[in-house]
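Hi everyone, thanks for coming along. Have the sequence and the structure open while I talk, and stop me whenever you like.

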Amino acid sequence: MDRWEALWIVIVAATLGIFIGTLVAIAGVGYIPPSEVEAEYRPTDAVEEFKPGVRSLGDGVYEVNILAYRFSFQPNKIVLENPKEVRFRIYSNDVLHGFNIIGTNVNIMVIPGYVSEIVWRPPPDFEGSYLVICNEYCGIGHSGMFAELVIKR
Amino acid sequence: MFKDYEKVFMRISILFSFVALALGGLFGFIQLVSRTPGFPRLVDASGYYTALTGHGVLMAIIWTAFFIMGIAVFVMVSELRVNFRKTLLGLTLVLTLGGTVTAAIPILAGRASVLYTFYPPLIGHPLFYIGLAVVIVGTWVFSAAVIDVFLRWRRANRGVGIPVGAFGVITTIIIWLEATPGLSIEVLMDLIPASLFGKPVDVLLDRTLFWYFGHPLVYFWLIPAIVAFYAIMPKLLGVELYSVKAAKLAYILFILASTPVGLHHQFVDSGLSFEAKLLHTTLTYSVALGSFVTAFNVLATLERAGRARGGGAFSWILKLPWRNPVFAGLALAFILFGFGGIGGIVNASLTMNYVVHNTLWVVGHFHLTVGSIVTLVFMSITYLIFPVVFDRNIFSGSLAKIQPYMWFVGMFIFALAYHIAGIYGAPRRVDDSSYMGLSPEIWSPLLQIGAVGGLIFWLSGVIFILNVFASLKFGAPATVNGASLSNGSGSEPEDEPTIFDRLSIWIIVALILIVIGYTVPMMEIFSRGLSPVEIVYIGG
Ligand code: HEM
Ligand SMILES: [Cu+2]
Ligand SMILES: [Cu+2]
């Protein structure tokens, strides 16, 4: 191993160190993996108390409970008016699913037996509709599993 | 040098790997065409997921594992001059072939369309899991065979550094043995009982066990390709590897940190804490260091070879033997290694991962890595060792010359388009991504460009397969003998052993890292209490 090689190793190690530092720093301002935003886990029997639907908590804050099942979401059309902060709680009562709002950072696995939670702050100027898809293989009807998220201003 | 039964073993495992590649490629073609808008739909949804399961299993596991076993024997025997034990090789073949066929039946019958990650609670036919378990046991027998050869060599060669090719094979085996317990526990404790008796399972636990195995699997593929860069490429070019010590450092980094990183496949899973994910990100970046060290070493070796041929500051690149298919394949794969590596850094970043998780970005990524760095390297090694193993020359030299370039060009287009489509959110693992017309318009053209690239490298694969099978039948009797491929002196005994040659120390450190890396998530999962759910039979 010569001088150049040692230098290269130092440079790469430092770069990777900077990457990790950046990750931690931006995690500090809220950019952390979606599943970890105040996650809360419930055993399977939570499904009885899990009421799918949109709840407005006022001031643009919403809580949206979504049931994922083969091969649809309930509700599969979600309408939000002037949302500022939306907490999605997603529960699957059969197999593994995904929940991905296309064009946003909302991308989370829905693991049966656990409630997946994610908080989303929609872009303030967006008006219109988002496509929401299941992005984990769940069986033969997987590509037909999607929903629509409508933002009204 | 090779005993007859070793040749038989290499022939069977390498030929079987080609069959897997051919069949997997057929499935790949079906998927590519069927999922692209504006292209004919060759299969319905059920056929699509059958093909996808077949493609994933055949490509990611069967093609790679059988080819790796073949060249592992080749490298060990030619470098160490120690022969394998016949019974162990025989038993390896019986178990791995038997297990593969057992698992293939339900897959092809469409009764195990659970994809190659087979996440529960979706459960396929029991034979699929049983076959898989038998294959794993077979690979353990093979690992024992390799370790046996290595230990016998070591006993006779105290005070000698391990040759760099054999070092790589041993590294591969160590990583495989680190990784497979996770998969075995998942299959034996949960999946087989689930498929036979309907045992409810905790999905998060099984995902965690799967990825405990799944990431080191990546290094199980990659290291044999790196062995080709370290041990074969310099010989091909008639120079010495730039730094043997750095090569060994890279291997050790892979041994240390290839396993406690699996959570980087679960960044968007609920139920695992940010701290655990951060720990795995950090460890992932330390394995990345191994890849960077490799990149430097290979590039420096290439430069040395180019300059030895009279090249200057940059013109050395042109002096390299680009018309030699073995060299071209290795070098082109090495270029793709750069792109694959950079993409991997993005995947491994826990704050960027959710932009690309489960999108076509990932499909682009692993076709660059296992689909090119590994596959293209294996193809080029084939051109080199075919005459030695099969006693026949490659049928068409000119087809062999264009084949790596076609793969490279096609893959470049495919991977670029799929990476970009992934950034726009286009999902992987779907037979159709139109969502009744709601999907973003940009997806279609990107998928179509990707399909053009895909067809180009698929054709390159067809050329490769036809060429090797034609060589078996019509190839001229071999003109290369085995000795010219190995070091004249038998190995590199002049190499002093380095600190990296003291494998037992590094294995212990690796085990400690694994314990640390997995105690954290396992404590979370178990202290909260498991949450088992009913299983769902595929098609039921
Ligand atoms: C021969 C030409 C090939 C073509 C046309 C092809 C095409 C494809 C396509 C289109 C997909 C995405 C399917 C989807 O997500 O819906 C895919 C997935 C995949 N490919 Fe390939 N591929 C080829 C070769 C390879 C090779 C050589 C490897 C590895 C050695 C490989 C490994 C994989 C894996 C592991 C998957 C993921 C399967 C899954 O998501 O379950 N492919 N391939
Ligand atoms: Cu789905
Ligand atoms: Cu990984």
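Let's begin at Pro121(B), in the loop between H3 and strand S1 (122-123) of chain B. This is a predicted model, by the way. The peptide bond that joins Pro120(B) to Pro121(B) is cis, with omega about 5°. Chain A has a cis bond to show you as well, from Gln74(A) to Pro75(A), with omega near 0°. Pro75(A) also sits in a loop, this one between strand S3 (72-74) and strand S4 (77-81) of chain A. As background, most peptide bonds are trans, and most residues other than glycine have a negative phi.

That brings me to backbone angles. Which way does the phi of Asp59(A) point, positive or negative? Positive, at about 60°, although Asp59(A) is not a glycine. You will find Asp59(A) in the loop between strand S1 (53-56) and strand S2 (61-69) of chain A. Asp59(A) counts as exposed, because its relative accessibility is 67% and the cut-off for exposed is over 50%.

Now hop over to chain B and look at Arg429(B). Its phi is near 55°, again a positive value in a residue other than glycine. Arg429(B) lies in the loop between helix H13 (397-423) and H14 of chain B. Is Arg429(B) buried or exposed? It counts as buried, at 8% relative accessibility.

Keep Arg429(B) on screen, please, since it takes us to ligand 1. A backbone N or O atom of Arg429(B) lies 2.6 Å from an oxygen atom of ligand 1. Its sequence neighbour joins in: a polar side-chain atom of Arg428(B) is 2.8 Å from an oxygen atom of the ligand. His55(B) takes part too, with an N or O atom of its side chain 2.7 Å from a nitrogen atom of ligand 1. Which elements give two or more residues to the shell around ligand 1? They are helix H1 (4-35), helix H2 (45-80), helix H12 (360-390) and helix H14 (443-474), in chain B. Altogether, 24 residues surround ligand 1, and the closest are Tyr48(B), His55(B), His367(B), Arg428(B) and Arg429(B). By residue type, the shell splits into 14 nonpolar, seven polar and three charged.

On to the metal. Which protein residues are the donors of the copper ion, ligand 3? Three histidines of chain B: His215(B) through ND1, and His264(B) and His265(B) through NE2, at 1.6 to 2.0 Å from the ion. In sequence, the spacing of these donor residues reads H-x48-H-H. Look at the pair at the end of that pattern. His264(B) is buried, with a relative accessible area of 9%, whereas His265(B) is partly exposed, at 24%. The boundary for buried is under 20%, so these two donors get separate labels.

Let me pick out a few more places in chain B. Thr92(B) is in helix H3 (residues 86-108), and it is buried, with a relative accessible area of 0%. What is Thr92(B) in contact with, leaving aside neighbours within four places in sequence? Those partners are Phe9(B), Met69(B), Gly138(B), Val141(B) and Phe142(B).

Helix H1 holds Val8(B), a partly exposed residue with a relative accessible area of 45%. From Val8(B) to Pro440(B) the sequence separation is 432 residues, and the C-alpha to C-alpha distance is 53 Å. Another one to click on is Leu466(B), in helix H14 of chain B. Leu466(B) is exposed, with a relative accessible area of 57%. Its C-alpha lies 34 Å from that of Ala144(B), and the two residues are 322 apart in sequence.

Finally, a quick look at chain A as a whole. How many helices and strands does chain A have? One helix and ten strands, with the helix coming ahead of the strands in the pattern α-β-β-β-β-β-β-β-β-β-β. Of the 153 residues in chain A, 52% are buried. Among contacts in chain A with a separation of 6 or more, 60% are between residues 24 or more positions apart. The accessible surface of chain A is about 6700 Å², and carbon and sulfur atoms account for 56% of that.

That's my tour, thanks for listening!

Methods: Residues are numbered from 1 along each chain as its sequence is written. Chains are lettered from A and ligands numbered from 1 in the order in which they are written. This is a predicted model: local features need pLDDT of at least 70, side-chain atom pairs count only at pLDDT 80 or more; totals for chains, interfaces and linings use all residues. Side-chain values use heavy atoms; hydrogens and water are left out. Donors are N, O and S atoms within 2.8 Å of the metal (3.2 Å for Na, K and Ca); water is not among the atoms, so sites may look incomplete. Buried means under 20% relative accessible area, exposed over 50%, partly exposed in between (1.4 Å probe, protein chains only). A residue is near a molecule or strand if one of its heavy atoms lies within 4 Å of it. A polar contact is a pair of N or O atoms within 3.5 Å; within protein, one must be able to donate a hydrogen and the other to accept it, and residues adjacent in sequence count only if both atoms are side-chain atoms. Helices (H or I, at least four residues) and strands (E, at least two) are DSSP runs, numbered from the N terminus. Ala, Val, Leu, Ile, Met, Phe, Trp, Tyr, Cys and Pro count as nonpolar, Asp, Glu, Lys and Arg as charged, and the others, Gly among them, as polar. Contact means heavy atoms within 4.5 Å. Accessible areas come from the Shrake-Rupley method with a 1.4 Å probe; for residues, only the protein chains shown count as cover.
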